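Here is a short tour of a protein model, with a few stops inside the fold and a few on its surface. Have the sequence and the coordinates open as you read.

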Amino acid sequence: ASNSWLRRVESICRKHEILLIVDDIQAGIGRTGTFFSFEPSDIKPNIVTLSKSLSASGLPMSVVLFDRDLDRFWSPGEHNGTFRGNNLAFSTATEALKRYWSTPDFQDQVVRKAKYLKNQLESIAAEYGDLFTLKGRGLMVGLSCKKPEVAALIKDQCFHNQLMVETCGPRDEVVKFFPALNAPEKVIGDAMEILRKSIEESL
């Protein structure tokens, strides 16, 4: 979603007194280059959901962040269920927040790697005319193929060449790349070489 679109949605919510909820389970925790995916849009959601990489250890953990003035709707302990975290996940999440997000250093690294990945994908796309277009932001990007069957071929060939990628989009037409935020740039570069080879073998 574009920043202008998000701001329009926020405006509609404010006008009609609707709570603005952002699902940052996949796009948050630095995946798009900022801790929260919506930061560049300057919107202020009432509720934000986070999960997945939050525990920084693969342990199950989810949190719901909300405005203080919404806190009056729940009594202590009322908002819980099977999705809640466990003591070990809370410990690893706390350590990860301290280690990676207490200074801008880690975010700066993510931004640099995202720029490198984007340049690599743009270079690959340029070699094939209008067959591919780049989608996404940060380390949450993909090559959108004009034909979904091409995306499937590339995905399978990447797997054959020992690179795991998935497809997404309404027609599974996007070959997506979600490298680990702490992946070294060389690993991302090696993956892009495998991608180049896989595309050549698929077309």
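Buried means under 20% relative accessible area, exposed means over 50%, and partly exposed is anything in between. Please keep in mind that this is a predicted model.

## Cysteines without partners

Let us start with the cysteines. By the distance rule, the number of disulfides comes to 0. Cysteine 158 takes part in no disulfide, and the nearest cysteine sulfur, that of cysteine 145, is 10 Å away. Cysteine 158 is also buried, at a relative accessible area of 0%.

What is the setting of cysteine 168, buried or partly exposed? With a relative accessible area of 26%, cysteine 168 counts as partly exposed, because that value falls between the limits of 20% and 50%. The closest cysteine sulfur to that of cysteine 168 is in cysteine 145, and since the separation is 10 Å, it is too far for a bond. A disulfide needs the two sulfur atoms within 2.5 Å.

## The sheet and the helix on it

Next comes the open sheet, which is built from 4 strands in the order 4-5-7-6, with antiparallel pairing. Strand 4 (132-137) and strand 6 are its edge strands, each pairing on one side only. On average, and ignoring direction, neighbouring strands of this sheet are turned by 35 degrees against each other. Helix 3 packs on the sheet, where it touches strand 4, strand 5 and strand 7, and its direction makes about 5 degrees with that of strand 5.

Strand 4 and strand 5 are worth a closer look: they pair in the antiparallel sense over 6 bridges. Within this pairing, threonine 133 stands opposite serine 144 of strand 5, and glycine 136 stands opposite valine 141 of strand 5. The hairpin of these two strands has 2 residues between them, and in it glycine 138 takes a positive phi near 65 degrees.

## Two nonpolar cores

Which residues have the most contacts inside the largest nonpolar core? They are Leu121, Phe132, Leu143, Ile154, Phe177, Met192 and Leu195, in a core of 28 residues. At least two residues of this core come from each of helix 3 (105-126), strand 5 (140-145), helix 4 (148-160), strand 7 (174-177) and helix 5 (185-202). Helix 3 gives the largest share, 7 residues.

Phenylalanine 177 shows how these elements meet. Leaving aside residues up to four places away in sequence, phenylalanine 177 touches Leu121, Leu139, Met140, Val141, Gly142, Leu143, Val165, Met192 and Leu195. Apart from the largest core lies another one, of 14 residues, with Leu20, Val22, Leu50 and Ala89 among them.

## Two loop residues compared

Two loop residues round off the tour. Asparagine 161 sits in the loop between helix 4 and strand 6 (166-168), yet asparagine 161 is buried, with a relative accessible area of 15%. Beyond residues up to four places away in sequence, asparagine 161 touches Ile194, Lys197, Ser198 and Glu201. With the last of these, glutamate 201, its side chain forms a side-chain polar contact of 3.0 Å.

Arginine 68 belongs to the loop between strand 3 (63-66) and helix 2 (87-101). Is arginine 68 buried or exposed? Arginine 68 is exposed, because its relative accessible area is 80% and the limit for that class is over 50%. The C-alpha atoms of arginine 68 and tryptophan 101 are separated by 23 Å, and the two residues are 33 residues apart along the chain.

How values were computed
Residues numbered from 1 in each chain as written. Predicted model: local features only at pLDDT ≥ 70, side-chain atom pairs only at ≥ 80, totals over all residues. Heavy atoms only, no water. Core = buried A, V, L, I, M, F, W, Y, C linked by side-chain atoms within 4.5 Å. Buried < 20%, exposed > 50% of the residue type's maximum accessible area, 1.4 Å probe, protein only. Contact = heavy atoms within 4.5 Å. Polar contact = N/O pair within 3.5 Å; in protein donor to acceptor, adjacent residues only side chain to side chain. Pairing = 2+ DSSP bridges. Axes fitted to C-alpha atoms, helices over the stretch in contact; angles between N-to-C directions.
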